[in-house]
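Me: Could you walk me through some charged side chains and show how each label is earned?

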Amino acid sequence: MRTPTPRVEIVSTGRWLPDRVVTNHDLEKELDTSDEWIRERTGIVERRIAAREIGAAEMGARAARIAMERASVHAGEIDVIVVSTATPDRLLPSTACDLQALLGATNAAAYDIAAACSGFIYGLTIAEGHLAAGREEVALVVSTEKMSSIVDWGDRTTAVLFGDGAGAAVVKRAENENGPGLLSSFIRSDGTLAELLWRPGGGALIPMDVAVLDQRNHLVKMAGREVFKAAVRSMAEAADQALLRAGLTSDDISLLIPHQANIRIIEATAKYANVPMDKVFVNVDRYGNMSSATIPVALDEAVESRRLREGDHVLLVAFGAGFTWASAVLRW
Ligand code: UT7
């Protein structure tokens, strides 16, 4: 199959991570866990935790401003803002609207998407739709996650896994059919498995009340082993699909950026996709699982460290609550 003509490209990226580092040893003091267990089972060494007064919109705006500056895009030029977050600052209105206000992006339509850890690739696909339809010129895709605000800090099976962070990308119509751009994407969901990774209470069905709080049902619950198996299976399918749709094979891939939840899932995905680990971007050791922010943060770090260069093909693969899974191939 011929490589498709890209319709959109990521013209710049940005990231923002809180300064505060919480190590596994710090967690040992609060929980019945150990640095050894966390490293062996997840590959995580430390994570960043945002200050109480900084919310998801502010984190996302900080990442977005960096991406906008790099693309020389002013706030007034942005036509659409797609924010992916599992940790909205408020249930109403959207975090995207709060972020729009912070940026002063007065000409933009702004809305949130809830695709959990797959949210950045979902957002990219949505941005492609907006731009390809011809009504918008500049899209801002932001993934911002303050996971520390929805984690149950008394539950060792989840508390050790997550971290806070934000990543952003400015997306425009691709200018050159042989130049940089999004060559393929693939997005899927399976809502029958929702209860394996969820926050059971605090929404419209079970509104927040004392019982929800007592049972800690407003916080993340996860059946880790089942999620692990589904993640490996789904990310393998997603990797295949993005390559197939891009008309490429794993030999064409210069860099694989998988969702950073667990080093064992990353290794399994790389093995299945037939990409050697030296071509796999890993930062789960430094940040833990930042839900949908993991991929744009990694992308930004890969560009900055020149692990991703002009003309390279990068494969993005994600999996998360929903379940959702997604993949994309970009020519950089
Ligand atoms: O981003 C969205 C997608 N999320 C994921 O992809 C996460 C997927 N799941 C995972 O990454 C892994 O399943 C975990 C890291 C969550 C857990 O690793 P595991 O190898 O599947 O461990 P497990 O759940 O089977 O637990 C093994 C043991 C249990 O003890 P017993 O029952 O064998 O006595 C747990 O109670 O480890 C225990 N354990 C811990 N021990 C020390 C669970 N959490 C901890 C902990 N410290 N933090």
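Reply: Sure, here come a few labels and the reasons for them. This is a predicted model, where local features need pLDDT of at least 70 and side-chain atom pairs count only at pLDDT 80 or more, while totals for chains, interfaces and linings use all residues. Residues are numbered from 1 along each chain as its sequence is written, and side-chain values use heavy atoms, with hydrogens and water left out.

Me: Why is the pair Lys-29 and Asp-26 called a salt bridge?

Reply: A salt bridge is a side-chain nitrogen of Lys or Arg within 4 Å of a carboxyl oxygen of Asp or Glu. The closest N and O atoms of Lys-29 and Asp-26 are 3.6 Å apart, so the pair fits.

Me: Why does Lys-29 count as exposed?

Reply: Exposed means over 50% relative accessible area, buried under 20%, and partly exposed in between (1.4 Å probe, protein chains only). Lys-29 has 65%, so exposed is the word. Asp-26, with 28%, is therefore partly exposed.

Me: What makes Asp-300 buried?

Reply: Its relative accessibility is 2%, so Asp-300 counts as buried. Arg-70, at 47%, counts as partly exposed. Those two form a salt bridge, with the closest N and O atoms 2.8 Å apart.

Me: How do you know that Arg-47 has no salt bridge?

Reply: The nearest side chain of opposite charge, Asp-26, is 6.9 Å away, and the limit is 4 Å, so Arg-47 goes without. Arg-47 does have a polar contact of 3.0 Å with the side chain of Asn-24 (a pair of N or O atoms within 3.5 Å; within protein, one must be able to donate a hydrogen and the other to accept it, and residues adjacent in sequence count only if both atoms are side-chain atoms).

Methods: Lys and Arg count as positive and Asp and Glu as negative; His and the chain ends are not counted.
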